[in-house]
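The following report describes the helices, buried residues and pockets of one protein chain. Please consult the sequence and the structure shown here while reading.

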Amino acid sequence: MKFKHIVYLLGAFLVFIFSTLASWYEGGQLRDISWEWKYSAVFSTWLNGPVNEADDILVIDHFVYAAKFEPLFPLLMAASLLFIIFQLSAWLLRKRKTAQVIFLSLMAVSLLLKSALLLGSQAAGLTLFAAFFGLSGLLMLLAILYRNNRKWLRRTGERAN
């Protein structure tokens, strides 16, 4: 791995850590808004039943609340995580091009599915996430197609000459 890629990874990791802490802090507002527990404490309700007091709220629900109402840092968190995954997959699968294409295709499909799941959301933040995941999935598919078609176009050009 080249030095510049290590610097990119470290930078993305620092952005991820900072945005995670900021999202967690912003999502902490959920503890003070009891009427929102029913709608934003999704994981707490799913794992432990109804939320009756602030101590029943799991940490992951802070991120759900932040994504719904304060989406800047959760979006930065998601973008930096995607960048880290993309860079690590490029490095780990650099000699296995077919495995890399399959992995990136699965990532693109999962991003498009996440986008479809969040598309009908009432919260503006989750609508932004739907757009972000959809755009990321489409860009990833276009990058895969461009990379593979570039080889095909070069071969076609060689045959024409």
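## Helix α1 and its packing

The buried residues of helix α1 are packed against α4 and α5. This is a predicted model, and the description below refers to that model throughout. Helix α1 covers residues 3-27. Its buried residues are L9, A12, S19, T20, A22, S23, E26 and G27. The 25 residues of α1 should span 36 Å at 1.5 Å a residue, and the end C-alpha atoms are 36 Å apart, so the expected and computed spans agree.

T20 and L21 both belong to α1, and they may be considered side by side. T20 has a relative accessible area of 18% and is therefore buried, as the cut-off for that class is under 20%. Beyond its neighbours within four places in sequence, T20 is in contact with F63 and M77. L21 has a relative accessibility of 49% and therefore counts as partly exposed. Between L21 and K38, which are 17 residues apart along the chain, the C-alpha separation is 24 Å.

## Helix α5

Helix α5 runs over residues 72-92. For its 21 residues, a rise of 1.5 Å a residue should give a span of 30 Å; the end C-alpha atoms are 30 Å apart, so the two values agree. The buried residues of α5 are F73, P74, L75, M77, A78, S80, L82, I84, Q87 and S89. One of these, M77, is a contact of T20 in α1, while P74, L75 and A78 are among the contacts of F129.

## The nonpolar cores

The largest nonpolar core contains 15 residues, of which L111, F129, F133, M140 and I144 touch the most other members. Helices α5, α6 (97-118) and α7 each contribute at least two residues to this core. A separate core of six residues lies apart from the largest one, and its members include L30, W37, V51 and Y65. In soluble globular proteins, nonpolar side chains tend to be buried together.

Two of the highly connected members can be described further. M140 touches L104, M107, A108 and L111, when residues up to four places away in sequence are not counted. F129 lies in helix α7, which comprises residues 124-160. The relative accessible area of F129 is 8%, and this residue is therefore buried. Its contacts, leaving aside neighbours within four places in sequence, are A67, P74, L75, A78 and L118. F129 and L118 are 11 residues apart in sequence, and their C-alpha atoms are 7.2 Å apart in space.

## S115 in helix α6

S115 is located in helix α6. With a relative accessible area of 10%, S115 is buried. Leaving aside neighbours within four places in sequence, S115 is in contact with A130, F133 and G134. Among these contacts, F133 is one of the residues that touch the most other members of the largest nonpolar core. S115 and G137 are 22 residues apart along the chain, with their C-alpha atoms separated by 8.6 Å.

## The largest pocket

The largest pocket holds about 610 Å³ of space. It is lined by 21 residues, and those closest to its centre are A67, A78, L118, F129 and F133. Three of these neighbours of the centre, A67, A78 and L118, are also in contact with F129.

Helices α3 (42-48), α4 (59-69), α5, α6 and α7 each supply at least two lining residues. The largest share, six residues, comes from α5. By residue class, the lining consists of 19 nonpolar residues, one polar residue and one charged residue.

## The second largest pocket

The second largest pocket contains about 230 Å³ of space. Its lining is formed by A79, L82, F83, F86, F132, S136, L139, M140 and A143. Of these residues, L82 is listed among the buried residues of α5, and M140 is one of the residues that touch the most other members of the largest nonpolar core.

Helices α5 and α7 each provide at least two residues of this lining. The greatest contribution, five residues, is made by α7. The lining divides into eight nonpolar residues and one polar residue, with no charged residue.

Note on methods. Residues are numbered from 1 along each chain as its sequence is written. This is a predicted model: local features need pLDDT of at least 70, side-chain atom pairs count only at pLDDT 80 or more; totals for chains, interfaces and linings use all residues. Side-chain values use heavy atoms; hydrogens and water are left out. Helices (H or I, at least four residues) and strands (E, at least two) are DSSP runs, numbered from the N terminus. Buried means under 20% relative accessible area, exposed over 50%, partly exposed in between (1.4 Å probe, protein chains only). Contact means heavy atoms within 4.5 Å. A nonpolar core is a set of buried Ala, Val, Leu, Ile, Met, Phe, Trp, Tyr and Cys residues joined through side-chain atoms within 4.5 Å. On a 1 Å grid over the protein atoms alone, a cavity is a set of points where a 1.4 Å probe fits but cannot get out, and a pocket is an open set with protein on both sides within 12 Å along at least five of seven lines; lining residues have an atom within 4 Å of a point. Grid points are joined across faces, edges and corners, and a volume is the space filled by probe spheres set on the points. Ala, Val, Leu, Ile, Met, Phe, Trp, Tyr, Cys and Pro count as nonpolar, Asp, Glu, Lys and Arg as charged, and the others, Gly among them, as polar. The expected span of a helix is 1.5 Å times one less than its number of residues.
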